[in-house]
Amino acid sequence: MTVVLETGGLGKQYGRRWALHDCTLSIPAEKVVGLVGPNGAGKTTLLHLAVGLLSPTTGTITVLGDAPASGRTQLGKIGFVAQDTPTYARLSITQHLHMGAWLNPNWDSELAAQRVDQLGLDPKQRAGSLSGGQRAQLALTLAIAKQPELLLLDEPVASLDPLARREFLQSLMEVVAEHGVSVVLSSHLVSDLERVCDYLIVLDASHVQLAGEVSELLASHHRLSGPRRDPATLPPTQHVIEQSHTDKQSTLLVRTDEPIHDPAWNVTPVTLEDLVLAYMSQSRDNQAVGRSTLGLVP
C-alpha cells in the first residue's frame with residue numbers, strides 16, 4: 001500500500017495543553033479521506049503539521065515520503081486550502097492566477113483558466129467582492145492548478161450554505177476523477193463526508209479513535225436491539241462501542257468481523273453518522289472515567 005501521509009506518536013503541545021497527542025496513522029494514496037471530529041479535536045493541527053506550518057512537539061510525520069515543507073519540490077506536490085479559504089481581497093481573480101503561476105513550477109494555466117470559466121467567474125473581479133462559495137472555489141482552483149499529488153482541505157465548506165457546499169464538493173470529485181489526486185478533507189459535517197469519502201479517520205480528544213475504509217467499517221459494525229442483556233455476556237468477538245438500556249430492552253452498537261447468529265437480536269446496519277457519533281461518545285465516556293479515576297470529578 002502506498003502511503004501519502006504517515007505519523008508515529010505525533011503530538012503538538014501548547015503550554016500544558018495537547019492539541020494533538022500520540023497520533024499514529026497511515027493514510028493510503030488514491031483515496032478521498034474524511035478527517036472528522038468535533039471542534040478542538042486536533043484536525044487543523046494535524047493538517048498544519050502536514051504542510052509545515054507547525055513543528056511537532058513529539059513523534060514523527062512524513063508526507064509523500066518526506067518531512068513536511070522539506071523543500072520546493074515537496075511543497076509543489078501538496079495543495080492546501082485552509083479553513084477560512086484565504087484569498088487576497090484586493091487582488092482580482094486574474095492576479096491570483098498570475099501569482100499562482102509565479103509561485104508554482106508545475107502550474108497549469110490552462111486548467112486554472114478553464115475552472116474560472118466553468119464557475120462563471122469574472123476574471124477581473126476582486127476576491128473581496130466574491131461570495132463565500134466563490135472564494136472557496138477560487139481557493140480550490142489555486143490548490144489544484146499547481147497539480148498536486150495530495151490535496152489537504154481544512155473544513156473548506158464549514159461556512160458555506162448547502163447549495164455552495166454541494167457545488168464545492170461536486171467540483172472536488174471532478175478533480176479527483178480527472179486528475180487522480182489523493183485528498184484529505186477535514187470536516188465536522190458528516191453528511192458531506194458520506195457523499196464523497198471512501199476512507200475515514202475519527203479524531204477526538206487529540207487522539208485517533210477510528211481509521212479505515214468506509215465500506216469495511218460499515219460492514220463490521222451493527223446495531224443490535226432485543227431483550228435487556230448485560231453486554232458482558234456477548235461473545236468476545238463482539239466489541240461494544242455504544243450501549244443504551246431500558247427496563248426491558250437493550251440497544252448496542254457492536255464491532256465484529258463475524259456473523260451475528262443470536263436470534264434474540266434484531267440486527268440493523270449503521271450509517272456513517274451513527275459510526276462517528278458512537279466513537280466520539282465512547283471517547284467522551286473514556287475521558288470522564290479518566291477524570292473520575294484521578295479525582296477530578298465527583
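The exercises below, each with a worked solution, concern a predicted model of one protein chain.

**Exercise 1. The chain as a whole**

Describe how many helices and strands the chain has, what it spans, and what share of its residues is buried.

Solution. Begin with the secondary structure, which comes to nine helices and 13 strands. Next, take the C-alpha trace, which spans about 65 × 40 × 40 Å along its principal axes. Then turn to burial: of the 298 residues in the chain, 45% are buried. Finally, consider contacts between residues at least 6 apart in sequence, of which 68% join residues at least 24 apart.

**Exercise 2. Helix α5 and its surroundings**

Find the span of helix α5 and explain why α5 can be called largely enclosed.

Solution. First, locate α5 at residues 132–145, a run of 14 residues. From its first C-alpha to its last the helix reaches 20 Å, which is close to the 20 Å expected at 1.5 Å a residue. Second, apply the cut-off for burial, which is a relative accessible area under 20%. By this cut-off 11 of the 14 residues of α5 are buried, so the helix is largely enclosed by the rest of the structure. Among the buried residues are Gly 133, Gln 137, Leu 142 and Ile 144. Third, ask what these buried residues pack against: the partners are the strands β5 (78–81) and β6 (150–154), together with the helices α3 (93–103), α4 (109–118) and α6 (162–179). Just after α5, Gln 147 takes a positive phi of about 55°.

**Exercise 3. The largest pocket**

State the volume of the largest pocket and describe its lining by residue and by class.

Solution. The space in the largest pocket is about 690 Å³. Its lining consists of 24 residues, and those nearest the centre are Phe 80, Leu 103, Asn 104, Leu 142 and Lys 146. Sorting the lining by class gives 16 nonpolar, six polar and two charged residues. To see which elements contribute, note that α2 (72–76), β5, α3 and α5 each supply at least two residues of the lining. Leu 142 thus links two exercises, as a residue near the pocket centre and as a buried residue of α5.

**Exercise 4. A hairpin**

Show how strands β8 and β9 are joined, and describe the turn between them.

Solution. Strand β8 covers residues 199–204 and strand β9 covers residues 207–213; the two run antiparallel and are joined by six bridges. Within this pairing, Leu 200 of the one strand stands opposite Gly 212 in β9. The two strands form a hairpin with two residues between them, and in the turn Ala 205 has a positive phi of about 55°.

**Exercise 5. Three single residues**

Decide whether Thr 45, Leu 64 and Glu 155 are buried or exposed, and place each in the chain.

Solution. Take Thr 45 first, which lies in helix α1 (residues 43–50). Its relative accessible area is 12%, and since buried means under 20%, Thr 45 is buried. Leaving aside neighbours within four places in sequence, Thr 45 is in contact with Lys 12, Ala 19, Leu 20 and Leu 54. Leu 64 comes next, in the loop between β4 (58–63) and α2; at 16% relative accessibility Leu 64 counts as buried, and its phi is positive, near 55°. Last, Glu 155 sits in the loop between β6 and α6, where its phi is near 45°, a positive value in a residue other than glycine. At 5% relative accessibility, Glu 155 also counts as buried.

Terms used. Residues are numbered from 1 along each chain as its sequence is written. This is a predicted model: local features need pLDDT of at least 70, side-chain atom pairs count only at pLDDT 80 or more; totals for chains, interfaces and linings use all residues. Side-chain values use heavy atoms; hydrogens and water are left out. Two strands pair if DSSP finds at least two bridges between them. Helices (H or I, at least four residues) and strands (E, at least two) are DSSP runs, numbered from the N terminus. The expected span of a helix is 1.5 Å times one less than its number of residues. Buried means under 20% relative accessible area, exposed over 50%, partly exposed in between (1.4 Å probe, protein chains only). Contact means heavy atoms within 4.5 Å. On a 1 Å grid over the protein atoms alone, a cavity is a set of points where a 1.4 Å probe fits but cannot get out, and a pocket is an open set with protein on both sides within 12 Å along at least five of seven lines; lining residues have an atom within 4 Å of a point. Grid points are joined across faces, edges and corners, and a volume is the space filled by probe spheres set on the points. Ala, Val, Leu, Ile, Met, Phe, Trp, Tyr, Cys and Pro count as nonpolar, Asp, Glu, Lys and Arg as charged, and the others, Gly among them, as polar.
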